[in-house]
Structure formats: C-alpha cells, structure tokens
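Hi,

Here is the structure I promised to pass on. Have a look at it first, and my notes on the pockets, the cavity and a few residues follow below.

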Amino acid sequence: MDTIAQRHFAMGWENKDEVLVFPLAKRYTFWLACRLFVSLEDPNHIARFADPFNLLASGIISIPIDLPGTPFYKSIKAAKFIRNELIAIIKQRKVDLAEGKATPTQDILSHMLLATDEDGKYMNEIEIADKILGLLIGGHDTASAACTFIVKYLAELPHIYDQVYKEQMEIARSKAPGELLNWDDIQKMRYSWNVACEVMRVAPPLQGAFREAMADFTFNGFSIPKGWKIYWSANSTHKSADYFPEPEKFDPSRFDGNGPVPYTYVPFGGGPRMCPGKEYARLEILVFMHNLVKRFRGEKLIPDEKIVVDPMPVPAKGLPVRLHPHQA
C-alpha cells in the first residue's frame, strides 16, 4: 500500500499547485484494489477499468430501466466489459500458476483459483470474476469518499491538521531512507485514526443500508412486522445528540478509550453483517493520510463548496485544493 501511495502522490499530486481531490482519491483506492486483489499494477491497464467502473458504480443504485442512455443500461454494459477483462486475467493467472510464474498467496485472485468447497469443487471463472468485481467496487468506492472528506476537514481545521502532521512526522523520522511503512507504524497512528473516524461520523460514505425485520418489534411507537424491509441510517444515527454531544462539532476525542457505545457509530455497519473490509479500509486510509500530510498542507479553493449525495456524499465540484508543500 505504501509503495502504491508513494507512486500515486508522485504522479498525481507532486509539482502541482492545485489538484481536484475526489478523482485523485478514486484513482488511489482503485489502484490499490487492482494491485491487492488481482496484482494489476500497470497504470495504463488500470485506466482501462476506471471509466467502466465509474459507470458501474453510478448505476448500482439507480432506477432499473434497461434502455439505452439510462444509468442502469450503462452499468450493465460496463459490468460486461469488466467481467470480460477479468476473465482474461483469470485465464492468464491459471497459466502462470501452472508454470510457477505466480504464487498461491500473492493476492485474492490466486486464493480464489485454488480454494475448494467442502466437496473439493473449485469456483468457475464466471463466479470468480463476479466476486472480484464485487470486491473491486466495495474496496474502493466508499474509501475514496472517506479520503476526500479527510482532505476537506484537514484543510478546514488547521489545529486538527497540526496534530495529525506531528504524529505522522514522528513516524516518518523514525524510518530509514526508502524504508516503507509497516504494521507497527500503523498502530502508532492513533490520533490520525480518531480523526478519520470523526470524518466518517460527520460524513459517512455509506448513508445506510436495508435489512429485514427478523421478528415483530416496536420502535419509537411504530410497530414493525416481521419480514418488513427496514432502512438503517448511519447519517441520522451519527448526528444523534443522545450519543454524540454537540453532534455538529468536529471532535476526534470522541474515539479515545473505548469510543462510542456499540451500534451508535456505524460507518461500517454493525453486528454479524459488519463490513468485512473494515481493516482494509483502515490501512488504506491511514497510508493515504501519512503520505498526504508529510508532503502538503491543503487549502480549499471553494470555501462553501456544496456536498451532493449520489449515492455517496461527494463535494459538488470534486474538492479543488491548493497544495502548499512542506519545505525539505
């Protein structure tokens, strides 16, 4: 992750006066997902996936009208293109594994190709392509929104930025020249993660999700019958003054100690269906923060930029930021 983050910042951020943060954050998280899930590193090859993936993501939560020009139609076409690309990668990986050019543990794709069910049956290529497709969407879309809002709040709140910068520079100074971040470094980023958590409280990438009532119950005076579809809202839960005093105030100290009580802070959901990628997201967000703050301080170019939700919250203009590099 650190290697890719360094390459990402060198290519997209360094030697630039101004950047558009949201597209860059999407490029970072997508590049990471491609590398870690299918060992795809070539930026040109990854770029071929990027536009179809954006079409696919924008059509996932859309009115299901399969007519030319609709987001749903474009999404289906994009998914077919990506599946075909993935199947070509899968076929080549099978050859590489047989010839010893790839290893069984190098990424999720190798694991899926070699894993069997209780009957000793392997997954077929279409099943693997579908699963990788789901992982690529889940592995980058929401995280890119989180990274974007981290840049926004660090630019708006200099006292928060200064604390993050201090923590990350202590880690940076402890490294030998060229030495990459490791697991121990990540564990030292406690304040930075508190800041990231507070960002995801005030601007949760996932607004909520649907569930099914497993039994009859009453909530706020309303009777909910078993079997009904219900929607839980991360956004309104995170803004509840019952659980988060002064909910509009940005306060990373909420996450000191044991943090909020269970089921009140739910950017990753909760219970047995909590997002399985929570730790993956924590790593990619912290690696992003480290590589960002040790290079730049950001200044928002549109102070009152509106936030639109479609279906994730994003700055309406992509969050243009002026970069102020730190002096070496």
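**Largest pocket**

Six elements each give at least two residues to the lining of the largest pocket: the helices α3 (43-60), α6 (125-138), α7 (141-156) and α12 (278-293), plus the strands β2 (208-212) and β5 (229-233). Before you go further, bear in mind that this is a predicted model. The space in this pocket comes to about 1,100 Å³. Its lining counts 37 residues, and the ones closest to the centre are Ile137, Gly138, Thr142, Leu206 and Cys275. By type, the lining splits into 25 nonpolar, eight polar and four charged residues.

Cys275 deserves a second look, since UniProt lists this residue under "binding site", in an unreviewed entry. You'll find Cys275 in the loop between α11 and α12. Is Cys275 buried or exposed? Neither, quite: its relative accessibility is 34%, so Cys275 counts as partly exposed, the cut-offs being under 20% for buried and over 50% for exposed.

**Second largest pocket**

The second largest pocket has a volume of about 730 Å³. There are 19 residues in its lining, with Arg211, Ile230, Tyr231, Trp232 and Ser233 nearest the centre. Two or more lining residues come from each of β2, β3 (217-219), β5 and α11 (234-238). Which element has the largest share of this lining? That is β5, with four residues. If you want the make-up, the lining of the second largest pocket has 10 nonpolar, six polar and three charged residues.

Note that β2 and β5 turn up in both pockets: each gives at least two residues to the lining of the largest one, and each gives two or more to the lining of the second largest.

**The cavity**

The search found one cavity of 30 Å³ or more, and its volume is about 80 Å³. Lining this cavity are Trp13, Val151, Leu154, Ala155, Tyr161, Leu292, Phe296, Arg297, Gly298, Val321 and Leu323. That makes nine nonpolar residues, one polar and one charged. Helix α7 and the strands β6 (296-300) and β9 (320-325) each supply at least two of them. As you saw above, α7 also contributes to the lining of the largest pocket.

**Lys300**

Strand β6 also holds Lys300. This lysine counts as buried, because its relative accessibility is 13% and the cut-off for buried is under 20%. What does the side chain of Lys300 pair with? It makes a polar contact of 2.5 Å with the side chain of Glu156. The Lys300 side chain also reaches the backbone oxygen of Pro303, at 3.2 Å. Setting aside neighbours within four places in sequence, Lys300 is in contact with Lys152, Ala155, Glu156, Leu319, Pro320 and Val321. Two of those contacts, Ala155 and Val321, are also on the list of residues that line the cavity.

**Ser75**

One more residue to check is Ser75, which sits in helix α4 (residues 71-98). With 7% relative accessibility, Ser75 counts as buried too. Its side chain reaches the backbone oxygen of Leu56 at 3.1 Å. Apart from residues up to four places away in sequence, Ser75 touches Leu55, Leu56, Gly59 and Ile60.

Cheers

Methods:
Residues are numbered from 1 along each chain as its sequence is written. This is a predicted model: local features need pLDDT of at least 70, side-chain atom pairs count only at pLDDT 80 or more; totals for chains, interfaces and linings use all residues. Side-chain values use heavy atoms; hydrogens and water are left out. On a 1 Å grid over the protein atoms alone, a cavity is a set of points where a 1.4 Å probe fits but cannot get out, and a pocket is an open set with protein on both sides within 12 Å along at least five of seven lines; lining residues have an atom within 4 Å of a point. Grid points are joined across faces, edges and corners, and a volume is the space filled by probe spheres set on the points. Ala, Val, Leu, Ile, Met, Phe, Trp, Tyr, Cys and Pro count as nonpolar, Asp, Glu, Lys and Arg as charged, and the others, Gly among them, as polar. Buried means under 20% relative accessible area, exposed over 50%, partly exposed in between (1.4 Å probe, protein chains only). A polar contact is a pair of N or O atoms within 3.5 Å; within protein, one must be able to donate a hydrogen and the other to accept it, and residues adjacent in sequence count only if both atoms are side-chain atoms. Contact means heavy atoms within 4.5 Å. UniProt positions are given in the numbering used here, feature names are shortened, and annotations may be inferred rather than shown by experiment.
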